[in-house]
Structures are given as C-alpha cells and as structure tokens.
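Trainee: I should like to go through this model with you and ask, for each term applied to it, what justifies the term.
Mentor: Please do; let us begin with the chain as a whole and then turn to single elements.

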Amino acid sequence: MVDSRLVRLSPGAAAGRGLVEEERVFFARSNGFRVGFEVCGDGPPLVLHPGMFQVGEHWARAGYTAPLAEFHTVITVDPLGLGASGAPQDPADYQLARRAEYVVAVLDAVGADRAAYWGYSLGALTGYAVAVHAPERLTRLVAGGFDPLDGFGSVIGPMLRASGLAADADPFPLMVQGAMADPELAAVIGAADPAALRANFEAFSRAPGVHAELAGCGVEMLLYAGDGDPWHEPVRVFAERSGAGFFSLRGADHLGGWGRSAEVLARVQPFLRE
C-alpha cells in the first residue's frame with residue numbers, strides 16, 4: 001500500500017525514503033536516470049502512464065485523475081525522455097525491459113509492492129512491458145490504444161500512405177508535426193531534448209509485439225480502443241484470444257479514445273475496484 005501521506009512529506013523526509021521532491025514532483029532512479037512522478041489520493045495504488053509526447057499531468061487535464069483519486073492513490077508518471085524525467089539519447093535505454101524497470105523503480109520509491117496500472121498508447125506499451133517483465137508487481141492492467149500483436153509497426157505503412165509518403169519514409173517528423181498542432185503537446189515537445197525524443201521514438205516504433213508473453217503473464221487485463229483507431233482490431237483480437245476484457249469506443253479515433261474520459265472511466269473504474 002502506498003503511504004497516502006507521501007505527497008505531504010517534507011523534502012528531507014522524502015529524501016529519507018529514497019525520494020527527491022521538487023514542488024509537487026518526486027523522483028525515482030532507474031538505470032542512472034531520474035523518473036519524475038506525482039502522487040495524489042488515497043487507497044490502493046494505481047499508476048497512470050501517458051502516451052507519446054505527453055506527461056503525467058495530461059491525465060489530470062483530460063479529466064481522469066480527480067475521479068480516480070477518490071478511490072486510489074494515483075501515481076502519474078512522466079515517461080523517460082519527457083517532462084521531469086531523465087532524457088537518455090540511446091534507443092537502448094527505451095527498450096521494453098528498461099521501460100518496465102523505470103515503472104518498477106517508481107513502485108519501489110513509493111513503497112508499493114504491487115499496483116494497478118493504466119496506460120494509453122505509449123503508456124499501454126509500457127504496461128505490456130511491466131506485465132511481461134515484472135508481472136508480480138501488478139494487480140491489474142488497463143491498456144488503451146496500442147497493438148500488442150505487432151506494435152507500432154502495424155500502422156506505419158497505412159500512416160505513410162495516407163500522407164502520400166513513400167513506404168521507406170521516416171515517420172518521426174510526421175508524428176511530431178501532427179503533435180505540434182496541439183498546444184499542450186507542442187509545449188512538451190518544445191521542452192524536450194530532441195535527441196532523446198528521437199531515441200524514444202526509435203525504440204517505441206521498433207518494439208516487437210509481445211502478445212505471446214502478455215497472454216501468459218497471469219495479470220488480469222482490460223483493453224480498449226476507439227473503433228476508428230487503426231489499432232482497434234489488433235487489440236480486440238488479442239483480447240478475444242487471451243481472454244482479456246475489451247470494450248470499443250464508438251466513433252473514436254486514436255486521439256478520441258484518449259479524450260473521452262467520462263465514458264472510459266465508467267468502464268474502467270468497476271474493473272479497478274473488483
């Protein structure tokens with residue numbers, strides 16, 4: 001159980017638990033890099049991990065954190081390479097095992113032996129990594145909008161074709177350009193180390209599917225995606241094959257699946273409280 005007093009610890013007391021506090025942000029250490037996170041609420045621990053070009057605060061801005069904090073100690077994580085977290089420039093530091101390790105480091109820092117986990121997009125991929133590499137640390141896994149069968153690779157071709165680009169074109173500038181249209185994401189990108197962003201994306205885009213290991217991890221799972229999300233069918237198929245829970249968001253694309261917090265919370269909160 002996470003100590004619900006954690007957010008009110010003085011910097012000295014926090015340091016005594018292996019934490020460093022700056023304003024509302026605490027830091028864990030993983031493989032030589034700091035991992036920034038915030039804590040609020042009271043109850044069983046729940047880790048929230050955002051998507052590419054997002055930080056932990058986006059969960060609150062999208063309307064998720066406050067309702068969840070009524071029943072959980074909510075731990076919102078800044079992904080490695082973004083926000084308050086460290087910014088390694090080597091794609092190897094963003095491999096799946098390393099992603100799992102920095103989530104585990106946060107759990108260790110707050111004293112949580114086990115926690116529920118909820119991630120979207122890149123956050124879902126990171127949740128899959130934790131379920132595969134450290135399943136004993138999870139009570140439940142909620143994952144939205146990411147293909148566990150073939151990973152990011154399943155959408156690269158269609159995305160490039162839709163943009164009129166060659167099959168061997170670099171998708172990274174296209175993704176950055178699209179994200180920059182959102183002022184909140186533009187702010188995160190503008191504050192980030194460009195080399196770290198590229199390294200993060202390189203690892204993210206090349207991460208293999210983990211469906212076989214994930215299906216056998218023993219963690220209770222609930223998966224979802226908008227029916228207009230290119231990853232909807234792979235997510236649905238995996239859930240059907242593995243026996244995981246699944247729900248669709250009618251008329252939602254990838255971004256829409258993130259934005260419909262009230263609808264998603266209505267489906268996820270009962271699962272988390274079971």
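**Terms and their grounds**

Mentor: For 274 residues, a compact globule would have a radius of gyration near 19 Å, and the protein chain has 17 Å, which agrees. Please bear in mind that this is a predicted model.

Trainee: What are the spans of the C-alpha trace along its principal axes?
Mentor: The C-alpha trace of the protein chain spans about 55 × 40 × 30 Å along these axes. The chain has 13 helices and nine strands.

Trainee: What share of the residues in the protein chain is buried?
Mentor: Buried residues make up 54% of the 274 residues. The term requires a relative accessible area under 20%.

Trainee: Among contacts between residues at least 6 apart in sequence, what percentage joins residues at least 24 apart?
Mentor: In the protein chain that percentage is 69%.

Trainee: What do carbon and sulfur atoms supply of the area that the protein chain exposes?
Mentor: The chain exposes about 11,400 Å², and carbon and sulfur atoms supply 52% of it. As for charge, the mean positions of the 21 positive and 32 negative charges are 3 Å apart.

Trainee: Why is H58 called buried?
Mentor: The relative accessible area of H58 is 4%, and buried means under 20%; H58 is therefore buried. H58 lies in helix 2, residues 57–61.

Trainee: Which residues are in contact with H58, leaving aside its neighbours within four places in sequence?
Mentor: H58 is in contact with F53, E184, L185, V188 and W258. Two of these partners, L185 and V188, are among the buried residues of helix 8.

Trainee: What makes F53 buried?
Mentor: F53 has 3% relative accessibility, set against a limit of under 20% for the term, so F53 counts as buried. F53 is in the loop between strand 4 (45–49) and helix 2. Its phi is positive, about 70°, although F53 is not a glycine.

Trainee: How do you know that N31 is partly exposed?
Mentor: The relative accessible area of N31 is 42%. Buried would require under 20% and exposed over 50%, with partly exposed in between; N31 is therefore partly exposed. N31 sits in the loop between strand 2 (25–30) and strand 3 (33–41), and its phi is near 50°, a positive value in a residue other than glycine.

Trainee: Why does D150 count as exposed?
Mentor: D150 has 52% relative accessibility, and exposed means over 50%, so D150 counts as exposed. The residue is found in the loop between strand 7 (138–144) and helix 6.

Trainee: Which residues does D150 contact beyond its neighbours within four places in sequence?
Mentor: D150 is in contact with A207 and G209. In addition, D150 and V210 are 60 residues apart in sequence and 7.7 Å apart in space, C-alpha to C-alpha.

Trainee: Which residues of helix 6 are buried, and how do you know that they are on the same side?
Mentor: In helix 6 (residues 153–162), V155, I156 and L160 are buried. They cover an arc of only 130° around the axis, which puts them on the same side of helix 6. The face turned away from this buried side carries the exposed residues R161 and A162. What covers the buried residues includes helix 9 (194–206). Just after helix 6, G164 takes a positive phi of about 75°.

Trainee: What are the buried residues of helix 8, and why are they said to line one face?
Mentor: L185, A186, V188 and I189 are the buried residues of helix 8 (residues 183–191). Seen down the axis, they fall within an arc of 160°, so they line one face of the helix. P183, A187, G190 and A191 are exposed on the other side. The cover of the buried residues includes helix 2, helix 7 (172–180) and helix 9.

Trainee: What covers the buried residues of helix 11?
Mentor: The buried residues of helix 11 (residues 232–242) are H232, P234, V235, V237, F238 and A239. Their cover includes helix 10 (211–215), strand 8 (220–226) and strand 9 (245–249). Just after helix 11, G243 takes a positive phi of about 85°.

How values were computed:
Residues numbered from 1 in each chain as written. Predicted model: local features only at pLDDT ≥ 70, side-chain atom pairs only at ≥ 80, totals over all residues. Heavy atoms only, no water. Helix = DSSP H or I, 4+ residues; strand = E, 2+ residues; numbered from the N terminus. Buried < 20%, exposed > 50% of the residue type's maximum accessible area, 1.4 Å probe, protein only. Contact = heavy atoms within 4.5 Å. Rg over C-alpha atoms; globule rule 2.2 N^0.38 Å. Areas by Shrake-Rupley, 256 points an atom, 1.4 Å probe, with all protein chains shown as cover. Lys, Arg positive; Asp, Glu negative; His and termini not counted. Charge placed at Lys NZ, Arg CZ, Asp CG, Glu CD. Arc of directions from axis to C-beta.
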